[in-house]
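Visitor: I've got a model open in the viewer and would like a quick walk around it. Shall we start?

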Number of protein chains: 2
Amino acid sequence: MIANAIEPKTTTNPQQQLKTVQDLFIRRWGEMGQTWGINRTMGEIHAFLYITAQPQCTDDVMERLNISRGNASMSLRALCDWGIIRRLHKRGERREFFESLSDVWEIFSIIAAERKRREMDPVLETIKQCQKMLDESSLGKAAAKQEPVQLTRQRLASMEEFMAVTNKIFQQFIGNARSGLTRVVKVLLKAF
Amino acid sequence: MIANAIEPKTTTNPQQQLKTVQDLFIRRWGEMGQTWGINRTMGEIHAFLYITAQPQCTDDVMERLNISRGNASMSLRALCDWGIIRRLHKRGERREFFESLSDVWEIFSIIAAERKRREMDPVLETIKQCQKMLDESSLGKAAAKQEPVQLTRQRLASMEEFMAVTNKIFQQFIGNARSGLTRVVKVLLKAF
DNA sequence: ATAATCTTTCAGTATCTACTGAAAGGACAG
DNA sequence: CTGTCCTTTCAGTAGATACTGAAAGATTAT
């Protein structure tokens, strides 16, 4: 509230500067969100809650990001469903507030887990199904030996191996969310 | 070409079965592609080239996936630009053929590298810029100590640490594409 | 040169996704 | 119960993205 009167080094006031910085972050985070299964607006809302590090209500969000009430409501709910922000009731306040999880690693881990479930798991399942449909007992011995079948089976096998291994990495990461990223990385960096 | 005449175990013929299996894989891979910065059609084309493991020409792609010439042409070019499929000239053939990279780990590594470049790098840069705009020399000592500023600076710092570390992991993975995933994973699995 | 074969481009269109604003739905206060 | 304050829902619309098909551009054969 109190403007810093004697401060020759800057021309813009600190309040304004803080807002500018936050907006910078918000915009970038929103862009990034788009490619993470979270759309721009959801990304921006999350960024706003994260970067301010203070509970905000629906109107705060609407004002800051210039979005409609409906959009704010739906996006906030979606973020709650993801689990990367939380509802918060303030004593004596009628309206609801929202805050972001503070632990970045936890946030990332939640998103990673969801993406694994929605994207990788179905592919792995499909690959297994495909392999069954191409084995000898399904096709017959002679047919199973034809070149096109063999080639496809090989490709399926390589892909399965890759996915299985990637899945394990994900699980390790997700499972170790609490211990932070540092440990994982130390191990990795030492190994190479 | 030669149908397997005496094969009591299956009712559908092997050719048909192979196609069905491939289509299953193609559809799933296409869906997954959407969330990887590659749209459904591009994903499907890549899946088709990968799973058949044989060079295919533009008309093959159009026919198999029921898409227009224009779409096929543009998507194939985009996949070439990504570097996950390659053009291939056949002796005495006028038209061009395409084939997928065969090494899954290499494919993944190319995509990961591109995503890091397009998504993570800009965010890291923005964070650094934000931090500069909030340090004492920009805001003045008194202003820099205000609570909202402190909170934002903390959040920026946590995020930077996280991103820096994630970046390193990516680089390790990308840099070790040739050696395969297995090595990375063995290290990880042992560590926990 | 002309024709034949294949590829690329792009304006127009279809399809999908995100957003708005107004109306309906709680929840609490008096 | 009635009014106030806040949230949610959703039909309609705006905006973004993907796709088509036809025309123009290349390349090789004759």
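Visitor: Which helix gives the largest share of the surface near DNA strand C?
Guide: Keep in mind that this is a predicted model. α2 (40–52) and α4 (69–82) of chain A and α4 (69–82) of chain B each bring at least two residues to that surface. The largest share is five residues, and the helix that supplies them is α4(B).

Visitor: How many residues surround DNA strand C, and which are the closest?
Guide: Sorted by type, the surface near the strand has three nonpolar, eight polar and seven charged residues. In total, 18 residues surround DNA strand C, and the closest are A:Asn39, A:Gly70, A:Asn71, B:Gly70 and B:Arg95.

Visitor: Let's move on to the sheet. Which strands of chain A are at its edges?
Guide: It's an open sheet of three strands with antiparallel pairing, in the order β1-β3-β2. An edge strand pairs on one side only, and here that goes for β1 (56–57) and β2 (85–89) of chain A.

Visitor: Which residue stands opposite A:Cys57?
Guide: Look at β1(A) and β3 (residues 96–100) of chain A, which run antiparallel and are joined by two bridges. Across from A:Cys57, in β3(A), you'll find A:Phe97.

Visitor: At what angle does α2(A) run to β3(A)?
Guide: α2(A) also has residues in the surface near DNA strand C. This helix lies across β1, β2 and β3 of chain A, and its angle to β3(A) is about 80 degrees.

Visitor: How many helices and strands does chain A have?
Guide: Along the sequence you'd read α-α-β-α-α-β-β-α-α-α-α-α. Counted up, chain A has nine helices and three strands.

Visitor: What percentage of chain A counts as buried?
Guide: To be buried, a residue needs 20 or more other C-beta atoms within 10 Å of its own. Of the 192 residues in chain A, the share that passes is 25%.

Visitor: How are α5(A) and α8(B) oriented to each other?
Guide: Helix α5 (residues 104–133) of chain A packs on helix α8 (residues 147–175) of chain B, with axes 9 Å apart and an angle of about 55 degrees. That angle is outside the ranges for roughly parallel, roughly antiparallel and roughly perpendicular, so α5(A) and α8(B) are oblique.

Visitor: Which residues of α8(B) meet α5(A)?
Guide: The contact of α5(A) with α8(B) is made of five nonpolar residues, one polar and no charged. From α5(A) come A:Val104, A:Trp105 and A:Phe108, and they meet B:Ser158, B:Met159 and B:Phe162.

Notes: Residues are numbered from 1 along each chain as its sequence is written. Chains are lettered from A and ligands numbered from 1 in the order in which they are written. This is a predicted model: local features need pLDDT of at least 70, side-chain atom pairs count only at pLDDT 80 or more; totals for chains, interfaces and linings use all residues. A residue is near a molecule or strand if its C-beta atom, placed from the backbone, lies within 6 Å of it. Helices (H or I, at least four residues) and strands (E, at least two) are DSSP runs, numbered from the N terminus. Ala, Val, Leu, Ile, Met, Phe, Trp, Tyr, Cys and Pro count as nonpolar, Asp, Glu, Lys and Arg as charged, and the others, Gly among them, as polar. Two strands pair if DSSP finds at least two bridges between them. Two residues are in contact if their C-beta atoms, placed from the backbone, lie within 7 Å. Axes are lines fitted to C-alpha atoms, for helices over the stretch in contact, and angles run from 0 to 180 degrees between N-to-C directions. A residue is buried if 20 or more other C-beta atoms lie within 10 Å of its own, exposed if 12 or fewer, and partly exposed in between; C-beta atoms are placed from the backbone. Angles under 35 degrees count as roughly parallel, over 145 as roughly antiparallel, 65 to 115 as roughly perpendicular and the rest as oblique.
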